[in-house]
Amino acid sequence: MKKPSELEEEYFARLEFEKRKKIEEEKQEKLAKEEKQRLKDLHYKKCPKCGMDLIEIDYKNIKVDKCSGCEGIWLDPGELEAVSNLEKTGLEKLFSVFKK
Ligand SMILES: [Zn+2]
């Protein structure tokens, strides 16, 4: 049988542990958020293939990003559908924006 004072010590030690664990978890959560933001800052408007800057053009409310390095063309969510709904002439006009 444990004495009541021992049980009390155990209880407070556990409380202390839980408290510190929570602080650590919050720290890690904050780090994960900061890392996410860091990656976003690092990659925002950069080509996913070659890392060069993307040039954004806005054509009929479709924002198309073209890479200044490898000339890849990138679309945001939903834009592939929007592009596919363009008439053929609209599509040609969109791509003529990029022609040299
Ligand atoms: Zn590129």
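**Exercise 1.** State which residues make the nonpolar surface patch of about 330 Å², and place Ile 73 in the fold.

*Solution.* The patch is made by Ile 73, Leu 75, Leu 80 and Phe 95. Patches take residues with over 30% relative accessible area and no salt bridge, joining nonpolar side chains (Val, Leu, Ile, Met, Phe, Trp, Tyr) within 5 Å and like charges within 9 Å. A salt bridge is a side-chain nitrogen of Lys or Arg within 4 Å of a carboxyl oxygen of Asp or Glu. Areas come from the Shrake-Rupley method with a 1.4 Å probe, and for residues only the protein chains shown count as cover. Ile 73 lies in strand E3 (residues 73–75); strands are DSSP runs of at least two residues, helices of at least four, numbered from the N terminus. Ile 73 counts as partly exposed because its relative accessibility is 32%, where buried is under 20% and exposed over 50%.

The model is predicted: local features need pLDDT of at least 70 and side-chain atom pairs 80 or more, while totals for chains, interfaces and linings use all residues. Residues are numbered from 1 along each chain as its sequence is written, and side-chain values use heavy atoms, without hydrogens and water.

**Exercise 2.** Give the strand order of the open sheet and find the bridge partner of Asp 65.

*Solution.* The 3 strands run in the order E1-E2-E3, with antiparallel pairing; pairing requires at least two DSSP bridges. Strand E1 (54–59) and E3 are at the edges, each with a single partner strand, so one side of each lacks a neighbour in the sheet. E2 (residues 62–67) pairs with E3 over 3 bridges. Asp 65 has Trp 74 in E3 as its bridge partner.

Note on methods: Buried < 20%, exposed > 50% of the residue type's maximum accessible area, 1.4 Å probe, protein only.
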